[in-house]
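User: Could you take a close look at the nonpolar interior of this protein for me? I'd love a connected walk through it.

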Amino acid sequence: MNAAVREEVSALKEEYLALLDKKEREQVYQAYIERNTRLIPRDFEQNHGISCGIVLRKLSFGADYKSDFFYLSKSTVLWHAVHIEIEKPSSKYFKEGSNTFHPDFEHAMNQVVDWRAWLIRDNEAAFRSQMSALLIPTHMGRNPIEHKFVVVYGRRSEYDGNPTRRSKIAALQKDDLRIISFDSLSEGLAGKWPVNIGIRRNEHIDILGNELESPEACGWMEPSQFSISNTAQANLLNIHSTPNPKSFRFVDGERTDSYEYFAKNARIRPDKDVAVVEGE
């Protein structure tokens, strides 16, 4: 880890932990994490990383459900579809003065049950269609999908010194479920690379930010299924002035520069048209 990254993650950790102590609304923490994407949980991330370097915000599935963050991650043989729910740091795991779960925590756990139930009700084909832009490359897009769930909830101090409380939370963990505190998001920041926040629209995904954090994905992404800002387009067209490696794809049988092809064929919007809005 070079000195610049070390300084960046140290400052981020200090600022973030101070923000946790302020007991703000959930939307404040959602917006802060979206601006500082190293904080996004990487539980269930597989060896190929986060697909396209894109984490979707407020992803709706079905008529009633919405995850605060969502990403896909592949191995050679399967995909993990990771649904992340965040509450707020001041949320309580337990009732005051007892080891009985707080109703707010039980509500968060029941929400995961509702998500699982929706996916069990033969909705896999609809979900796969909704995520087709990120299920790439095509030959791996047909691989099985395993759904995983992460709940970010409360502060570690509420249970850290109480073996009974720790064991009760641990007993809820499953192969497809992680329950983590807000404090844990500040750990291992140097190994959690920045990603782009995306917004799923009816026909495409808006990629936020002025550059693509994983530009190599241009070799696989279908540009008509994405929109980027004017500045992001300009940065892709000028990418060869930086140390980024060359990248090519075949279009109509011809070898084509991936960055240029994506930049010229993606939907383009003014920089100011899409922003992370607290409470959206």
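To start, among contacts in the protein chain between residues at least 6 apart in sequence, what percentage join residues at least 24 apart?

Analyst: Happy to! This is a predicted model, and in its protein chain 69% of the contacts between residues at least 6 apart in sequence join residues at least 24 apart. The chain has 8 helices and 11 strands. Its radius of gyration is 20 Å, close to the 19 Å that the globule rule gives for 280 residues, so the chain is as compact as a globular protein of that length. Of those 280 residues, 50% count as buried.

Now to the interior itself. The largest nonpolar core has 49 residues, and Met-221, Phe-226, Leu-236 and Phe-262 have the most contacts inside it. Helix α3, residues 103-120, gives this core its largest share, 7 residues. Apart from this core lies another, of 30 residues, including Val-28, Tyr-29, Leu-39 and Val-150.

Leu-236 is a good place to zoom in. Beyond its neighbours within four places in sequence, Leu-236 touches Leu-212, Pro-215, Cys-218, Ile-228, Tyr-259, Phe-262 and Ala-263. One of these partners, Cys-218, is buried at 0% relative accessibility. Cys-52 is buried too, with a relative accessible area of 10%.

Do these cysteines pair up? The count is 0 disulfides. The closest cysteine sulfur to that of Cys-218 is in Cys-52, 9.0 Å away, which is too far for a bond, given that a disulfide needs the two sulfur atoms within 2.5 Å.

Methods: Residues are numbered from 1 along each chain as its sequence is written. This is a predicted model: local features need pLDDT of at least 70, side-chain atom pairs count only at pLDDT 80 or more; totals for chains, interfaces and linings use all residues. Side-chain values use heavy atoms; hydrogens and water are left out. Buried means under 20% relative accessible area, exposed over 50%, partly exposed in between (1.4 Å probe, protein chains only). A nonpolar core is a set of buried Ala, Val, Leu, Ile, Met, Phe, Trp, Tyr and Cys residues joined through side-chain atoms within 4.5 Å. Helices (H or I, at least four residues) and strands (E, at least two) are DSSP runs, numbered from the N terminus. Contact means heavy atoms within 4.5 Å. The radius of gyration is taken over C-alpha atoms; the globule rule is 2.2 Å times the number of residues to the power 0.38.
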